[in-house]
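Please open the structure in your viewer and keep the selection panel at hand. The stops below go from the whole chain to single residues, and each one says what to select and what is there.

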Amino acid sequence: MTKKMSISTSKTSLVLFLCQIISALDVPLDSKLLEELSQPPTITQQSPKDYIVDPRENIVIQCEAKGKPPPSFSWTRNGTHFDIDKDAQVTMKPNSGTLVINIMNGGKAEAYEGVYQCTARNERGAAISNNIVVRPSRSPLWTKEKLEPNHVREGDSLVLHCRPPVGLPPPIIFWMDNAFQRLPQSERVSQGLNGDLYFSNVQPEDTREDYICYARFNHTQTIQQKQPISVKVFSMDSLNDTIAANLSDTDIFGAKPVTERQPVLLTPTGSTSTKVELRGNVLLLECIAAGLPTPVIRWIKEGGELPANRTFFENFKKTLKIIDVSEADSGNYKCIARNALGSVHHVISVTVKAAPYWITAPRNLVLSPGEDGTLICRANGNPKPSISWLANGVPIAIAPEDPSRKVDGDTIIFSHVQERSSAVYQCNASNEYGYLLANAFVNVLAEPPRILTPANKLYQVIADSPALLDCAYFGSPKPEIEWFKGVKGSILRGNEYIFHDNGTLEIPVAQKNNAGTYTCVARNELGKIQNEVQLEIKDPTMIIKQPEYKVIQRYGQVSFECVIKHDSTLLPTVTWLKDNDELPDDERFLVGKDNLTIMNVTDKDDGTYTCIVNTTLDSVSASAVLTVVARPNPPFDLELTGQLERSIDLSWLPGDENNSPITSFVIEFEDALHEPGVWRYQTEVPGSQTTAQLKLSPYVNYSFRVIAVNRIGRSQPSEPSEQYLTKSASPDENPANVQGIGSEPDNLVITWEPLKGFQSNGPGLQYKVSWRQKDVDDEWTSVIVANVSKYIVSGTPTFVPYEVKVQALNDLGYAPEPSEVIGHSGEDLPMVAPGNVQVHVINSTLAKVHWDPVPLKSVRGHLQGYKVYYWKVQSLSRRSRRHVEKKILTFRGNKTFGMLPGLEPYSSYKLNVRVVNGKGEGPASPDKVFKTPEGVPSSPSFLKITNPTLDSLTLEWGSPTHPNGVLTSYTLKFQPINNTHELGPLVEIRIPANESSLILKNLNYSTRYKFYFNAQTSVGSGSQITEEAVTIMDEAMASRQVDIATQGWFIGLMCAVALLILILLIVCFIRRNKGGKYPVKEKEDAHADPEIQPMKEDDGTFGEYRLFSFVSSAPI
């Protein structure tokens, strides 16, 4: 029962202890604080454990340490105290433990070989260094030896041994010749890890006398040379010649020829071997084999895979290299040497051991009086290392007792420490492959709180980001930390804040209202201290217009935008990257304030462009991809296969599509036999297809090329394919577009479209031209011609039908029977004029003409239609000598009537009709006279208003330019216009036709009037003319006007004013005609001719219009 209680109590104490060690102090790395606090020594720098020195230079054994108070130093050599004061060659640097052994002034390095250890000590403890083994470097000379020449038969293996002198450290081996040139190495000849030179089989070119092995000792910067080795290779041919020279003809002689041999391992020997390597080192396994042909080496790991990313093959795969080996790399590694005759293998059993390595190294411990703590020292290795503890450099078993400490294997437990418990403890972990030594101090301090963060430190953070306000502190016992907002604010609590153990206050999502002053208070039983810091919240930096994905054609220009918004107190910097790297140093890249522009874009500019905006507080970025597109590169590697008489297969490889998919391939051909240098379209295939079966024609020397097409355009043509000449054959087709058309009344011209060269199908291309009169029982007349595309048949009747055909032929035969076409012999002018011409006048501007058709035989050609010539003889309303215009209307086909539009009213006309064929016009019919009735007149030629008085105006006018009949009267309408442009009552006056002026009386003074004036015939009223005028204000003004009007200057002034008024009146007139401000819009449009009705134009009634002119004097 007592035993159980003891175990329970022990476990409880351990749990409590582990909870308490969390309170152990961390001493901040603050230089000022470290200067003030007492601290045991800490080794900061020391020489390596295995320290090889240059025997020609002074030996410097480093040992640096820090502590408060500064430590003193002492050394041991080979386990005993090393009194440096008794050796004049040895000094210690000031304020340091580093030893300097003066070798350059007579000392010998060999005298100072040994194991050195440094101790740094102050009032709080002692720290020790590793055991430093000091050895001088050695580079001994090669032992003299007599080297016999190597005589080797061609094909045999050979090993040239190096056997360098044993140096410290081991030398680097390489082979060179007398000219200091490295000897070439290969799969057949290579250097092994031991420095020997291995020949898997020797060749005659291996004969030389200067195979020299060199050993380079890096520490002493010296190179040692072995005596040259001679190698003589005897070939089988030379050996046979030598034997033949020394034997008679009756002797049987002859060396065996070079024979191939299966592989044999030169190193390692046997079928198995073992290898031990330490964890973390580089594992090197080697297999070199002899054989002819030269064997090839392959490596495998039995029962597993070679480790990825750590396996390398060197020396032409003869060396397997695995870096950073671990216990998992233990196992059997097999090398296999193979050539054409067989193989051999060797298994190397690898065991990975481990010198000690840290799992948990002890760490310095700072405690307050009465606190608990622990030092843990855990290491691993193979075999597992033993752990031993020292206190201040003395084994803990014989060190002064300390009731606060308890050793439990790899752990020292401290309970209720006091200031006298301060010490430096050493942990030593060792096995047969090495050791680890670590110093860790226990420092017991009693210190009031200190805040290490500078006073009034300013923190600036971005809104919605975490804010971390530091309160770095130290004290022993460990102080408690409290935070306040403002100088007199309440203590901060709640989920809005996070309080870190190191004193930092975190606001996870800082907002504008979190800005202000914050106070940190640190207190322990020895005192209290506080510090204030300032927090500012800044607006975040944003990219409000990001770069966008762009597709651009090669040699174009592209821009990426990057428009930002930022806090006004922060200064942003904008950086552009391409593919996460700096922009190319190229003047084509123009960086603006808010954009990046790339000029003359090339394929290399394709990639991802990133805009990065940095301020002192935040960073944002946005990316966009630029795709550069262009026409595809031309296809290549054209190949012709499957050659047949009428087809062939063409294949090709597509070129780069330049980021725009290829949609199709265009195939072209050249006929080097008939049209060299001319490329013609053959076919087009989809972009997914890289082969095509092409149809061929006989007797063509083909070459093909391919053009790729994408959305941007067509590529350059590919290089031409090889040529392919097809066999000859008779023509497959006859000439196209055969026609028979006479050029003269007594001939027939037969034309055709000749076959192209590749259509001839063979040499000797000719044409068989045949013809006979249609509907007459005649035999075919034929003629064979060459190199022409027409044939003229003479002595034919005028315009009779013929059957015509043209057949192709060459030296191998005729084309298929051609089809017949109908042609006609030559046309002649028509012989007969149309008869019974009649004219029916429809209205004053339109008439209809009729005629009888002519007999078809009299046409003597293809009837194309009829032409009506008509012209105005005279106007019935006036006599005048006038320029007569003859007009022509053509009516296509066999029409017998037509309409004559655009006639002038009240006029006399003549017309005649003629028939038309392909040769020309026939005779005219007798002239037919007709007259048009009266119509409405045109507007008066002018209207002028003069002599304004208080109540009268004088109107003058000209008669219509085109009266279109007998004028019967004029109509005058007028109405006043007030200042608001409103129209008054309309007054109408009818005036006899023979009048040309009128005085209007009883008008209102100073009033504007608008006048409308037109003429009438018996048919009706013509279009009107308008004008405006104003009566004067009083008689005095009128008299002044009369007096002033006689002055020259006034006349000039009035001309200028009149011009200005005219311009203004035109503007007003246009506005009034468009509606203006008049409440009543008068219809002033000219009356359309009511007798002219719309007619269809596609029925040929009005024919095709032409105009001729001549001068005539026609009496009325």
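Begin with the whole protein, which is a predicted model: of its 1116 residues, buried ones make up 41%. If you switch to a surface view, the accessible surface comes to about 59,900 Å², and 51% of that area belongs to carbon and sulfur atoms. In a cartoon view, the secondary structure comes to six helices and 86 strands. Among contacts with a separation of 6 or more, 66% are between residues 24 or more positions apart.

**First stop: the nonpolar cores**

Select Ile-59, Ile-61, Trp-75, Ile-101, Tyr-116 and Val-134, which are the residues with the most contacts inside the largest nonpolar core, a set of 29 residues. Colouring by strand shows where this core comes from, since at least two of its residues are supplied by each of β2 (50-53), β3 (59-61), β5 (72-77), β8 (99-101), β9 (114-122) and β11 (132-136). The strand that gives the most to this core is β9, with three residues.

Now centre the view on Val-134 and display what surrounds it. Leaving aside residues up to four places away in sequence, Val-134 touches Tyr-51, Val-53, Ile-59 and Ile-61, and it also touches Tyr-112, Glu-113, Gly-114 and Tyr-116. Apart from the core around Val-134 lies another core, of 20 residues, and to find it you can select Leu-650, Phe-665, Ala-692 and Ala-708, which are among its members. As background, nonpolar side chains in soluble globular proteins tend to be buried together.

**Second stop: the salt bridges**

The structure holds 37 salt bridges, and a few of them are visited here. Side chains of opposite charge can pair when their charged atoms come close.

Select Glu-419 and Arg-124, whose side chains meet in a salt bridge with an N to O distance of 3.4 Å. Glu-419 is in the loop between β35 (411-414) and β36 (423-431), while Arg-124 is in the loop between β9 and β10 (125-128), so this pair ties together parts that lie 295 residues apart in sequence. Are the two partners buried or exposed? Arg-124 counts as buried because its relative accessibility is 11%, whereas Glu-419 counts as partly exposed because its relative accessibility is 45%.

Move next to Arg-153 and Asp-156, which form a salt bridge whose closest N and O atoms are 3.8 Å apart. Arg-153, at 39% relative accessibility, counts as partly exposed, and Asp-156, at 24%, counts as partly exposed. If you add Arg-261 to the selection, you will have a network of salt bridges that links Arg-153, Asp-156 and Arg-261.

For the last pair, select Asp-410 and Arg-378, which form a salt bridge with the closest N and O atoms 3.4 Å apart. Asp-410 sits in the loop between β34 (405-408) and β35, and Arg-378 sits in strand β31 (residues 378-382), so that the pair links distant parts of the chain, 32 residues apart. With a relative accessible area of 24%, Asp-410 is partly exposed, and Arg-378 is partly exposed with a relative accessible area of 39%.

**Third stop: two open sheets**

Stay with β34 and β35 and add β30, and you will have an open sheet of three strands in the order β30-β35-β34, with antiparallel pairing. Its edge strands are β30 (373-376) and β34, each of which pairs on one side only. From one strand to the next, the twist averages 15°. Looking along the pairing of β30 with β35, which is antiparallel and runs over four bridges, you can pick out Leu-375, which stands opposite Ile-412 in β35.

Then go to another open sheet, this one of four strands, with the order β82-β81-β84-β85 and antiparallel pairing. At its edges stand β82 (987-992) and β85 (1025-1030), and because each has a single partner strand, one side of each is left without a neighbour in the sheet. The twist in this sheet averages 25° from one strand to the next. Finally, select strand β81 (residues 967-977) and strand β84 (residues 1008-1017), which pair in the antiparallel sense over 10 bridges. Which residue in β84 is the bridge partner of Ser-969? Label Gln-1016, and you will have found that partner.

Note on methods
Residues are numbered from 1 along each chain as its sequence is written. This is a predicted model: local features need pLDDT of at least 70, side-chain atom pairs count only at pLDDT 80 or more; totals for chains, interfaces and linings use all residues. Side-chain values use heavy atoms; hydrogens and water are left out. A nonpolar core is a set of buried Ala, Val, Leu, Ile, Met, Phe, Trp, Tyr and Cys residues joined through side-chain atoms within 4.5 Å. Buried means under 20% relative accessible area, exposed over 50%, partly exposed in between (1.4 Å probe, protein chains only). Contact means heavy atoms within 4.5 Å. A salt bridge is a side-chain nitrogen of Lys or Arg within 4 Å of a carboxyl oxygen of Asp or Glu. Accessible areas come from the Shrake-Rupley method with a 1.4 Å probe; for residues, only the protein chains shown count as cover. Two strands pair if DSSP finds at least two bridges between them. Axes are lines fitted to C-alpha atoms, for helices over the stretch in contact, and angles run from 0 to 180 degrees between N-to-C directions.
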